[in-house]
Amino acid sequence: KKEEIVEVVSQKVEEFDDVALVAEYFQKETGIITYERQYSILQNKVAFFCRQNGISSFVKLLDELDRNINLKQELIDTLTTNETFFYREFKQIESLVELVKKSDFDVSILCAPSSTGEEPYSIAIALLEAGVSSKKFSIVGIDINADAIKKAKIATYGERNIRNLSQSILNKYFTKDGNKYIINESVKSLVSFRIENIFDNSFKNLGKFDFVFSRNMLIYFDKETKLKAKEILESMRKTDEHGVFFGHADLY
């Protein structure tokens, strides 16, 4: 008589209900606040992230994040967005160009955040277009998102990203490849990129800068964190002669 072997498969019970725990952790690590009205979006994103990594609950995720720095970076990359384009809010870049032109010294510029590179490359191009020698300035771009930094270093952009640029600038500083635009090495070499969190103590190791650009980052923080970030960024200046360039909506 043939015996039937019954295989019992125990299903993994998923507990993806209390996303507030993840929101709290994410704010503590990055400063970015998630409002309750955004919880459903956050819940879907983080639950999908957990399933991809074989994690069955938000509690287990938080436990893993404390032990696995790579997983932590992957989650940050998943939850931080990087929508930007060249020459955004260009009047501020023009103001910076005028200040650099008046300077008697070589200047260093910090761009925090730099996202996928459009802003620091915009500054470099604007300075070159204004006749500023490439030897007179250096630019450091930082972002908390490792994937964004990787894309910034590759420096390849779609038509949406370059929509504010004239054809003459595109011809001068980009190489076209199909529907993609690749920054020329003459501009790429003027910007260095690093993965950094402004709230980490290691951020201060970057040193001091003549000018600091920080646009459209503070909008993601609550009032207390905005003030803390503002203080940190202001402390990165060599002198207080010039204010930090913030986005128009950042401090309200």
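Visitor: What makes the span of helix α10 close to the expected one?

Guide: This is a predicted model, and in it α10 covers residues 223-235, 13 in total. From first C-alpha to last, the helix reaches 19 Å, against the 18 Å expected at 1.5 Å a residue.

Visitor: How do you know that the buried residues of α10 line one face?

Guide: Look down the helix axis: the buried residues fall within an arc of 130 degrees, so they line one face. They are Thr225, Lys226, Ala229, Ile232 and Leu233, and they pack against α1, β7 and β8. Over on the other side, Lys223, Glu224, Leu227 and Glu231 are exposed.

Visitor: Why is α3 called oblique to α4?

Guide: The axes of α3 (residues 58-67) and α4 (residues 69-79) cross at roughly 120 degrees, coming within 6 Å. Roughly perpendicular stops at 115 degrees and roughly antiparallel needs over 145, so α3 ends up oblique to α4.

Visitor: Which residues meet there, and how many are nonpolar, polar or charged?

Guide: Leu61, Glu64, Leu65 and Arg67 from α3 meet Ile69, Leu71, Lys72 and Leu75 from α4. By class, that gives five nonpolar, three charged and no polar residues.

Visitor: Why does Tyr87 count as buried?

Guide: Buried means under 20% relative accessible area, and Tyr87 has 12%, so Tyr87 counts as buried. This tyrosine is found in the loop between α4 and α5.

Visitor: What does Tyr87 touch, leaving aside residues up to four places away in sequence?

Guide: Ser122, Ile125, Ala126, Asn164, Leu165 and Ile169.

Terms used
Residues are numbered from 1 along each chain as its sequence is written. This is a predicted model: local features need pLDDT of at least 70, side-chain atom pairs count only at pLDDT 80 or more; totals for chains, interfaces and linings use all residues. Side-chain values use heavy atoms; hydrogens and water are left out. Axes are lines fitted to C-alpha atoms, for helices over the stretch in contact, and angles run from 0 to 180 degrees between N-to-C directions. Helices (H or I, at least four residues) and strands (E, at least two) are DSSP runs, numbered from the N terminus. Angles under 35 degrees count as roughly parallel, over 145 as roughly antiparallel, 65 to 115 as roughly perpendicular and the rest as oblique. Contact means heavy atoms within 4.5 Å. Ala, Val, Leu, Ile, Met, Phe, Trp, Tyr, Cys and Pro count as nonpolar, Asp, Glu, Lys and Arg as charged, and the others, Gly among them, as polar. The expected span of a helix is 1.5 Å times one less than its number of residues. Buried means under 20% relative accessible area, exposed over 50%, partly exposed in between (1.4 Å probe, protein chains only). The arc is that of the directions from the helix axis to the C-beta atoms.
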